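Got your viewer open? Load the model and follow along, one selection at a time.

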Amino acid sequence: MDFSDEPGVTGVMVIEPMGNAGPFLARAAARLGLRLYAATDERVYAGYEPWLTRCLDGVCLTDLADTASALDDMEAFCRAHPIAGVAVCWELLTPLAALLAARLGLPGNDPLRARAARNKIAMAEAFRAAGVPAPAQAVVATSEQAHSVAASGRLGWPLVVKPAEQGGSWGVSVVAGPDGLDAAVAAAGRFTHAEPHGLPLDARVLLQSYVPGEEFSADTVVHEGVPHPLPVVRKDTTAGRYRVETGHSCPAGLDPRTVWSIQETAARAALAVGVRNGIAHTEVKILPGGEPVVIETGARLPGDNICEIVEAATGVSEAEAYLRAVTGRAPRTAPTRDAAAALRFLLPDRAGLLQEVVIPEVPGTHSQIHIRPGQPVPEPADSSGRVGHVVARAASVDEARRLAGQVIADSRVKVS
């Protein structure tokens, strides 16, 4: 039964639907018979793409950087519309979603813990309290403090240096020794506000022990405090100073015991940061001995089109499961398909002005260009430097990975 069978319980408020998860939420809402409403500010709304404005049944214009004012505006809007749940696309807005759901008496996450799903310092404290395996770390505000921590030897080398609040690998560096530490701390500490809403950020910097091993992501949808694991996804990244995600594939190609271990650890991480009715996207590394270590988690749908490859491979719609959880319904997480999908990003060799980009059309794949010729291309140090991506579907994950990799290898990117 979908929501169209229940008159009067038909709407979801999405706090800023602009972003990678937005299209998946919109399609899931349509399939479930849910109306979609948005909260954003006037300037950002003016830049919405036509597809997004068309799928919205109403918009609450407010200042999302002003928590008190935004809560008042959104509460008034929601009480005037048939809102059954509150969803969010952006990690930095997840505490605001928890506060709004609590005000409205709707299913949501624990507002007292919600900051831990946004702020990596609070997240580490929550992990320690819950016994979730995570890297050793220290918090610093200056490069002098960073050198002092590094000299103590308690975190070892290499060190991972990252902002306390940011996403998309922005400001994240892996530093092999003291010579690179000043630049890494400066890069991580430069974020004081997040665009496009000007959200104030905690500008402190985290130093973390480097965790060796393969990388995976594991999403968990939680309904009334009960976690429901979603498929594990393998992650590929660049090496060196910057660890930019270059692709994802599902299934992860792991044995069932390792999959279960990752899912169980990710569920513990989600509960530790207060996810009670919603979803968490958790990034995990597997140590050489097979033990999972949580790098971080966020109370949101995954980005990077992970929703697409999970559904293509397993039939599970993460966006539908999320919408059901925030509206008080049990999620549907059982796989209905036994296939595979892989995604690869097209990265430039350097920063400059994009002159040409060509991604070949190959059966079993589809692609999208993110940056157009004539536009500037940033250094491939984070997710903003991706020129495009390709998704491949196949009967096996090895074939899907091979197909996507071949398309990327045959693509052309010319930067001046």
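**Stop one: helix α5 and its end**

Start at Gly105, just after α5: its phi is positive, about 70°. Keep in mind throughout that you are looking at a predicted model.

Now step back and select α5 itself, residues 94-104. Eight of its eleven residues are buried, so the helix is largely enclosed by the rest of the structure. To see which ones, colour Thr94, Pro95, Leu96, Ala97, Ala98, Leu100, Ala101 and Leu104. Then show what lies over them: the cover includes β1 (11-15), α4 (67-79) and β4 (83-88).

**Stop two: strands β2 and β3**

Select β3, residues 58-61. Which residues are on its covered face, and which on the uncovered one? Gly58 and Cys60 form the covered face, while Val59 and Leu61 form the uncovered one. In a regular strand, side chains alternate between the two faces of the sheet.

Add β2 (residues 35-40), which pairs with β3 in the parallel sense over four bridges. Zoom in on Cys60 in β3 and you'll find Ala39 standing opposite.

**Stop three: two cis peptide bonds**

Jump to the loop between β8 (193-194) and β9 (199-200), where Pro196 sits. The bond joining Glu195 to Pro196 is cis, with omega about 10°.

Next, go to the loop between β13 (245-250) and α9 (256-272) and pick out Pro251. Here the peptide bond from Cys250 to Pro251 is cis as well, with omega near 5°.

**Stop four: positive phi without glycine**

Head for the loop between β1 and α1 (22-32), the place of Glu16. Phi of Glu16 is positive, near 55°, though the residue is not a glycine. Is Glu16 buried or exposed? Glu16 is buried, with a relative accessible area of 0%.

Asn305 is your next pick, in the loop between β15 (292-298) and α10 (306-314). This non-glycine residue also has a positive phi, near 60°. Asn305 is buried too, at a relative accessible area of 11%.

**Last stop: zoom out**

Bring the whole chain back into view: twelve helices and 21 strands. Its C-alpha atoms fill a box of roughly 60 × 50 × 50 Å along the principal axes. The radius of gyration is 21 Å, which agrees with the value near 22 Å for a compact globule of 416 residues. Colour by burial, and 56% of the 416 residues should come up as buried. As for charge, the mean positions of the 38 positive and 47 negative charges are 2 Å apart.

Terms used
Residues are numbered from 1 along each chain as its sequence is written. This is a predicted model: local features need pLDDT of at least 70, side-chain atom pairs count only at pLDDT 80 or more; totals for chains, interfaces and linings use all residues. Side-chain values use heavy atoms; hydrogens and water are left out. The radius of gyration is taken over C-alpha atoms; the globule rule is 2.2 Å times the number of residues to the power 0.38. Buried means under 20% relative accessible area, exposed over 50%, partly exposed in between (1.4 Å probe, protein chains only). Lys and Arg count as positive and Asp and Glu as negative; His and the chain ends are not counted. The place of a charge is taken as NZ of Lys, CZ of Arg, CG of Asp or CD of Glu. Contact means heavy atoms within 4.5 Å. Two strands pair if DSSP finds at least two bridges between them.
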